[in-house]
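Here are my notes on the dimer question you asked me to look over. Have the viewer open while you read, as I hop around a bit.

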There are 2 protein chains.
Amino acid sequence: MEQVDTLIHARWLIPVEPDNTVLEHHSLAIKNGRIQAILATDEARRRYQGTVELDLDEHALIPGLINAHTHAAMSLFRGLADDLPLMEWLNNHIWPAEGAWVSPEFVHDGTQLAMAEMLRGGTTCFNDMYFFPDETARAVDAAQMRAAVGMILIDFPTAWASNAQEYIDKGLALHDHYKAHPLINTLFAPHAPYTVSDGPLEHMRMLADQLNIAVHMHVHETAFEVREAENKLGERPLARLEKLGLLTPQLLAVHMTQLSDDEIAACARAGVSVIHCPESNLKLASGFCPVHQLMSAGVNVALGTDGAASNNDLDMFSEMRTAALLAKAVAGDASALPAAAALRMATLNGAKALCIDDDTGSLQPGKSADITAVRLGDIETQPLYHPISQLVYATGRDKVSDVWVAGRHLLKQRALTSLNETELKAKAAAWQQKIRKYD
Amino acid sequence: MEQVDTLIHARWLIPVEPDNTVLEHHSLAIKNGRIQAILATDEARRRYQGTVELDLDEHALIPGLINAHTHAAMSLFRGLADDLPLMEWLNNHIWPAEGAWVSPEFVHDGTQLAMAEMLRGGTTCFNDMYFFPDETARAVDAAQMRAAVGMILIDFPTAWASNAQEYIDKGLALHDHYKAHPLINTLFAPHAPYTVSDGPLEHMRMLADQLNIAVHMHVHETAFEVREAENKLGERPLARLEKLGLLTPQLLAVHMTQLSDDEIAACARAGVSVIHCPESNLKLASGFCPVHQLMSAGVNVALGTDGAASNNDLDMFSEMRTAALLAKAVAGDASALPAAAALRMATLNGAKALCIDDDTGSLQPGKSADITAVRLGDIETQPLYHPISQLVYATGRDKVSDVWVAGRHLLKQRALTSLNETELKAKAAAWQQKIRKYD
């Protein structure tokens, strides 16, 4: 018998690769943070012994969910201002609040709160874009979660940096610092076409190409953005990005609600990844991303929650479900974005977008043990005909029981092990007291 | 000090009437199944003594949610068939399954499972349309939940009845049986314009008018339905219903995704209630109900989950959130359907549609004690700036801790008291075994 660190016996194991596959009564062995083996439980009990052994007999194991676009620290602004027209919301509420409160401490505490929520909801990896990314990375490292941290780039000065060169220099310092980190990547994160001018974008692109770093950007989020670019610059933002050499397989284009057929084809040819954020798009009335059309054209579409101020949760189960429902109505086709594809969107497609799909995004021997266990025995998920359908259409994130990242048991029967829940609630309450007085 | 049956002290009390109101540190006294008083906790502790007294110090009390359209027994078909074009889904999966399995026992067990799920999710009342409504009513009565049970009417024969006259006779017998029941109403439930011909509809309308019974019907659910009516009958279904005298304040028109400006105005003039089922509409690619436009025109819009085979849950928190998000995007206006209006849609508007708003739908002295308590102290709802926003945009149904219907404590710290969870899970598993073999 071979000794492994953790041996999990599950009622169902859904690897995502191969697609639409449900393995019944299967086990997963973890050794040195990686998936050692996946095999039938009968055989697993004969061949392996786990230092830790778990029987999850009403549970499904799935790859940890990947939140491919968020602003984690904005969890501290959850529900601060809602139901307002977009520009009023930004100009009168969000930007003033950020101006008043965003600091290293704010970003550290907000990121911790976000990670606590994400881990409790089965998310093992998130792709972040915010200020003080050094604080974000520090919090991620301490919590032992997986993340892609954005080296934010924006034309105007903020508390983080004063000019394009400083944004880029600080970003590169962060990149160097985490280059060898097994769980933390860095990506360039130029905010949006309307907040970053050509010079900085060109400079960033050269560095991105040289250093093989991906680029994470809000693109074509609203009709207003696209119209303004047409009026002021005579071209749509995607066309401008193409000219700047940014339409590549390293681009993570977030939102993309305004797309012509030609633009969809261009993205498919270029190998761009689209990060779909349905709940944010709906809440801010940004528009409807043509997900079915994008996927039919072969574009990699991943999933994100955006920030907690425009959602207002970081719930990837809900996001996955909303994506699967919305894509059908937008396409006028009830067979669009079926459950297995929605699950893949929330896992492997995110890993592909982040260029870490060798390492995570599906349950495969050799990959990192980034795993989420979900209870399927409660009233809400009875009767159970098709586990993948049930996970997408009828399972809330409260059914998540356990989460592993790189084989570490970060959520153990719904208890966080690398974050202090009591302390986080106290910190959140303290921030709420401070911020509410301001508002 | 006055003795009451139950005295609940809550951190927040959200009565829904008056609108958009949050009462902090307030208490609610229940006596003989009714709300005796709502007052500041300090005063409540001086004036009242409860046989049962509860301190819900991290909780909000809200009116019990009202699921204004469902097919409860279809919980047993949850996830049976998904991601299929509508007609294929109906013709090849749902209708054959119904033909094979729907029986008094099926309806009884399915309704029990549905009620268990609904109570656990804070729903205290549902409006049902299905076969064997006598079994539905019997199950509701035993569980002591509140419901409106549909006297289903359809042209073709089913296991329940053979012809229009029999559907109507059996319906009226049910109506008589439950006439004096404090928690169970009966409504006429002609399935849809394309499944019920003029003769039966006219007969039913006369009875509805004479006996002052409301009418619950799927109307303008899909573009296909409307086009077919235009082609075959030369008029849209709503026009036909108007001619039949059915556009009245007693009409609960479900779905209504295909509406012209004139039709919206006609519904507003007629006082029709629209029952909005966003997740079903999305999942079946039926279309987008113009909710903001309807509400702006003064139409009463309530909320429903539809059946668990096209959702796939009976989760009114999720439905409320989806409605609030979707309405904004459909209207192109991020200020459409704000949180307080979404909460009202899920409570009082449903009561108004069912003509029971004297009795329930808001927390008011004199009304039935139909109450849901929601925990707002967990990580997922921190920080908390605006309780109503938090309930709509960031609260999952798993945060529901307690539910009362007519003052009976039907969910006690998440445990069902009038339904046996273990037994229900066993029954659901038994049905799944039977049905899966068939499929």
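The points below go from the interface to the cavities, then to a pocket and a few backbone details.

1. First, a caveat: this is a predicted model. Local features are only called where pLDDT is at least 70, and side-chain atom pairs count only at pLDDT 80 or more. Totals for chains, interfaces and linings use all residues, though, so please keep that in mind for the interface and cavity numbers.

2. Start with how the two chains meet. On chain A, 64 residues are in contact with 64 residues of chain B. The area buried between chain A and chain B comes to about 5,100 Å², and carbon and sulfur atoms give 58% of that. If you want to know where to look in chain A, try A:D83, A:I379 and A:Y385: these lose the most area to chain B, and together they make up 16% of what that side buries.

3. What about charges and polar groups across the interface? Eight salt bridges turn up between chain A and chain B. One to click on is A:E380 with B:R120, whose side chains meet at 2.7 Å, N to O. The count of residue pairs in polar contact between the two chains is 31, with both partners at pLDDT 80 or more.

4. Which helices of chain A supply at least two residues each to the side that touches chain B? They are α3 (104-120), α10 (278-283), α12 (316-331), α15 (387-393) and α16 (421-438). The largest share comes from α16(A), with eight residues. By class, the side of chain A that touches chain B divides into 30 nonpolar, 14 polar and 20 charged residues.

5. Now the enclosed spaces. Seven cavities of 30 Å³ or more are found, and the largest holds about 440 Å³ of space. Of the 32 residues that line the largest cavity, A:D315, A:S318, A:G396, B:D315 and B:S318 are the closest to its centre. The elements giving two or more residues to this lining are α10 and α12 of chain A, along with α10 (278-283) and α12 (316-331) of chain B. The lining of the largest cavity has nine nonpolar, eight polar and 15 charged residues.

6. The second largest cavity has a volume of about 50 Å³. Chain A lines it with A:R397, A:D398 and A:R414, while chain B brings B:E380, B:G396, B:D398 and B:K399. By class, the lining of this second cavity has six charged residues, one polar and no nonpolar.

7. Back to salt bridges, this time over the whole structure: the search finds 64 over all chains. One of interest within chain A is A:E17 with A:K367, where the closest N and O atoms are 3.6 Å apart. This pair links distant parts of the chain, 350 residues apart. A:E17 sits in the loop between β1 (2-13) and β2 (23-31), and A:K367 in the loop between α14 (348-353) and β13 (371-375).

8. There is also an open site to look at. The second largest pocket holds about 990 Å³ of space. Its lining is made of 42 residues, and A:L90, A:W95, A:H191, A:Y194 and A:T195 lie nearest its centre. In chain A, α2 (86-101), α7 (223-233) and α8 (237-243) are the elements that give two or more residues to the lining, with the largest share, eight residues, coming from α2(A). The lining of this pocket divides into 25 nonpolar, ten polar and seven charged residues.

9. Last, some backbone spots to check by eye. Most residues other than glycine have a negative phi, and most peptide bonds are trans. Against that background, a cis peptide bond joins A:N311 and A:N312, with omega about 10°; A:N312 is in the loop between β12 (300-303) and α12 of chain A. Another cis bond joins A:Q382 and A:P383, with omega about -15°, and A:P383 lies in the loop between β13 and α15 of chain A. A:N212 is not a glycine, yet it has a positive phi of about 55°. You'll find A:N212 in the loop between α6 (198-211) and β9 (215-219) of chain A.

Note on methods. Residues are numbered from 1 along each chain as its sequence is written. Chains are lettered from A and ligands numbered from 1 in the order in which they are written. Side-chain values use heavy atoms; hydrogens and water are left out. Contact means heavy atoms within 4.5 Å. Buried area is the accessible area (1.4 Å probe) that two parts lose on being put together, summed over both. A salt bridge is a side-chain nitrogen of Lys or Arg within 4 Å of a carboxyl oxygen of Asp or Glu. A polar contact is a pair of N or O atoms within 3.5 Å; within protein, one must be able to donate a hydrogen and the other to accept it, and residues adjacent in sequence count only if both atoms are side-chain atoms. Helices (H or I, at least four residues) and strands (E, at least two) are DSSP runs, numbered from the N terminus. Ala, Val, Leu, Ile, Met, Phe, Trp, Tyr, Cys and Pro count as nonpolar, Asp, Glu, Lys and Arg as charged, and the others, Gly among them, as polar. On a 1 Å grid over the protein atoms alone, a cavity is a set of points where a 1.4 Å probe fits but cannot get out, and a pocket is an open set with protein on both sides within 12 Å along at least five of seven lines; lining residues have an atom within 4 Å of a point. Grid points are joined across faces, edges and corners, and a volume is the space filled by probe spheres set on the points.
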